[in-house]
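I opened this entry to record what I looked up about the pockets, the nonpolar core and one chosen residue.

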Amino acid sequence: MKTKSSPPVALLRGRKTLPLIETYFELNHLKQLFRQGWLRVGIPAERCESVAEHSLFVALLCLFIADSHFPEADAGRAVRIALLHDLGEAYVGDLTPHDGVGREDKHARERRAMEQLVGKLPRGAEYLALWDEYEQGTSFEARLVRQVDRLEMGLQACVYEHQGAGDLSEFFASVEKVLEASELRAVLTELEALRPD
């Protein structure tokens with residue numbers, strides 16, 4: 001797994017600190033962890049987004065999209081789910097379909113990581129429940145976040161194409177597969193029209 005540097009939690013080895021500080025050092029690895037799919041298609045490390053950058057933009061898009069297109073959605077809940085959805089990658093890494101890890105195995109690894117990460121926090125059980133909600137798609141907000149997670153990838157692919165990365169059609173095809181909401185499909189259609197020739 002390619003990263004900018006080693007996991008910052010190693011800096012705490014042998015030291016006792018507050019659970020909040022420990023969790024911060026653990027999650028800080030998401031700033032160091034490149035989105036591996038972009039590296040696989042040749043995006044240079046110096047331009048490759050981190051998991052943390054991706055997660056921030058998913059959360060922002062969830063806020064904007066829920067507020068503007070889905071008045072029935074609890075935008076705050078969607079943003080909370082979006083902020084939590086990739087945290088397990090701090091320990092598991094950014095596994096892609098090309099890594100040969102099955103869906104159930106990936107889920108089990110990430111759930112163990114989530115338990116370790118948020119279990120020590122005062123509202124850890126609540127955070128874990130929101131993560132489970134996302135993974136199982138048991139609420140409208142969770143299903144919306146899942147779609148927006150993929151849409152953000154398409155938006156980033158468009159940026160990379162405009163920066164000279166070449167044809168990233170495989171990412172757009174991946175987005176197309178998961179978008180169910182017509183409002184999000186309309187965004188994808190508009191995005192496709194913006195792709196360079």
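The notes below go from pockets to core to a single side chain.

**Entry 1. Model.** I noted at the outset that this is a predicted model.

**Entry 2. Largest pocket.** I looked up the volume of the largest pocket and found about 1100 Å³. I then turned to its lining, which comprises 33 residues; L95, T96, P97, K106 and R150 are the closest to the pocket centre. I asked which elements give two or more residues to this lining. They are α3 (36-40), α7 (103-118), α8 (124-136), α9 (140-162) and α10 (169-178). Among the contributors, α10 gives the most, with 6 residues. I also recorded the chemical make-up of the lining: 14 residues are charged, 10 are polar and 9 are nonpolar.

**Entry 3. Second largest pocket.** I read a volume of about 270 Å³ for the second largest pocket. Its lining consists of T23, Y24, L27, N28, L30, K31, A52, S55, L56, L83 and L87. Two or more of these residues come from each of α1 (19-27), α2 (29-32) and α4 (51-69). By class, I listed 7 nonpolar, 3 polar and 1 charged residue for this lining.

**Entry 4. Nonpolar core.** I next examined the largest nonpolar core, a set of 50 residues. Which residues have the most contacts inside it? I found W38, I65, L144, V145, V148 and L184. Helices α3, α4, α5 (75-84), α7, α8, α9, α10 and α11 (182-194) each supply at least two residues of the core. The largest share is that of α9, with 9 residues.

**Entry 5. I65.** I followed I65 further, as one of the residues with the most contacts inside the core. Setting aside residues up to four places away in sequence, I65 touches F70, L144, V148, L151 and L184. I noted that L144, V148 and L184 also appear among the residues with the most contacts inside the core.

**Entry 6. Q36.** I closed with Q36, which I located in helix α3. Is Q36 buried or exposed? Its relative accessibility is 13%, and buried means under 20%, so Q36 counts as buried. Beyond its neighbours within four places in sequence, I listed M1, K2, D94 and T96 as contacts of Q36. One of these, T96, I had already entered among the residues closest to the centre of the largest pocket. Helix α3, where Q36 is found, is also one of the elements that give two or more residues to the lining of that pocket.

Terms used
Residues numbered from 1 in each chain as written. Predicted model: local features only at pLDDT ≥ 70, side-chain atom pairs only at ≥ 80, totals over all residues. Heavy atoms only, no water. 1 Å grid on protein atoms, 1.4 Å probe; cavity = no way out; pocket = protein on both sides within 12 Å on 5 of 7 lines; lining within 4 Å. Points joined across faces, edges and corners; volume = space filled by probe spheres on them. Helix = DSSP H or I, 4+ residues; strand = E, 2+ residues; numbered from the N terminus. Nonpolar A, V, L, I, M, F, W, Y, C, P; charged D, E, K, R; others polar. Core = buried A, V, L, I, M, F, W, Y, C linked by side-chain atoms within 4.5 Å. Buried < 20%, exposed > 50% of the residue type's maximum accessible area, 1.4 Å probe, protein only. Contact = heavy atoms within 4.5 Å.
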